[in-house]
Amino acid sequence: MGFSVAGEMMVECSNAVELEMRKILIATSNAGKLRDFAGAALRHGAEIAGIPDFSSLPAVVEDGLTFEENACKKAEEYSRYVPGEMVVADDSGLEVDALDGAPGVHSARYAAPDLQNKEPHETQANTDDDANNARVLRELRNVPAGQRTGRFVCVLAAARDGKTLATFKGTAEGIILDAPRGTNGFGYDPLFYFPQIKKTFAELSAEEKSRYSHRGAAFRQFLDWCMDTACN
Ligand code: IMP
């Protein structure tokens with residue numbers, strides 16, 4: 001795929017002059033998300049990088065009621081640290097139908113009642129993946145196989161200098177198993193069975209996760225937008 005990221009936009013340039021190759025700046029410290037983005041970028045010939053000194057920046061308070069609100073908040077706040085650069089942030093999670101959409105925006109801290117004696121919306125401290133998975137399994141223990149539907153959702157926001165430029169949403173529909181399966185991935189991946197290829201997300205290669213996941217779907221829309229906007 002012939003494109004470069006030139007400061008702000010990605011340009012598909014089959015016969016264009018060489019543009020300086022710039023990396024897409026991703027605002028996350030989540031190693032699992034970074035691996036997913038790297039896999040998706042590789043698949044599409046793009047390159048990603050973290051924001052310089054990301055770990056020393058104050059954490060953004062994720063108190064939005066929707067994935068979109070939180071993604072925009074993260075992208076806007078972190079983009080202020082890299083003036084003139086486009087920054088991409090992701091807010092994502094698992095929605096389980098039998099739990100009325102929970103864990104949803106609280107996916108990263110769903111086990112807070114078990115580990116911190118707080119509700120997920122009362123804390124900003126993420127909880128351990130195993131504990132989050134254990135809470136979902138406990139709450140679904142009496143739910144029969146046919147009613148264990150759910151989806152991963154990922155909203156990406158692209159922002160520059162504190163302003164959101166666009167957002168992109170990807171989803172992946174699946175079934176929540178009654179025990180973990182697979183060792184790849186992160187978060188709820190081992191519980192999330194994807195019928196289309198009869199594997200959990202923790203059984204996917206990086207290439208497969210990019211092809212089938214919510215994050216891969218959102219990232220492809222982002223790349224399309226980059227190319228369209230720059231070519232218009
Ligand atoms: P946040 O977007 O940083 O608020 O956290 C997202 C949380 O949702 C992660 O910590 C995981 O628990 C869960 N999650 C989001 N995307 C995935 C995925 O691709 N696989 C497994 N879990 C995910």
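Two strands pair if DSSP finds at least two bridges between them. That criterion sets up the tour of this predicted model.

Start with strands β6 and β7. Strand β6 covers residues 149-160, and strand β7 covers residues 163-176. They pair in the antiparallel sense, over 12 bridges. One of the bridges links A157 to its partner T167 in β7. The two strands form a hairpin with 2 residues between them. There, D161 takes a positive phi near 50°.

Now turn to the other partner of β6. Strand β5, residues 86-96, runs antiparallel to β6, and 11 bridges join the two. Two residue pairs help to trace this pairing. L94 has F152 in β6 as its bridge partner. V87 is bridged to A159, also in β6.

V87 leads on to strand β3. This strand spans residues 24-26 and pairs with β5 in the parallel sense, over 2 bridges. Here L25 has V87 as its bridge partner in β5. V87 thus appears in two bridges, one with A159 and one with L25.

How covered are β5 and β6? Strand β5 is mostly covered, with 10 of its 11 residues buried. Strand β6 is mostly covered as well, with 9 of its 12 residues buried.

The ligand comes last. Around it are 19 residues, and S92, G93, S107, A108 and G187 come nearest. β5 gives the most to this shell, with 5 residues. By character, the shell divides into 6 nonpolar, 8 polar and 5 charged residues. Strand β5 therefore returns in each part of this picture: it joins β6, pairs with β3 and contributes to the ligand shell.

How values were computed: Residues are numbered from 1 along each chain as its sequence is written. This is a predicted model: local features need pLDDT of at least 70, side-chain atom pairs count only at pLDDT 80 or more; totals for chains, interfaces and linings use all residues. A residue is buried if 20 or more other C-beta atoms lie within 10 Å of its own, exposed if 12 or fewer, and partly exposed in between; C-beta atoms are placed from the backbone. Helices (H or I, at least four residues) and strands (E, at least two) are DSSP runs, numbered from the N terminus. A residue is near a molecule or strand if its C-beta atom, placed from the backbone, lies within 6 Å of it. Ala, Val, Leu, Ile, Met, Phe, Trp, Tyr, Cys and Pro count as nonpolar, Asp, Glu, Lys and Arg as charged, and the others, Gly among them, as polar.
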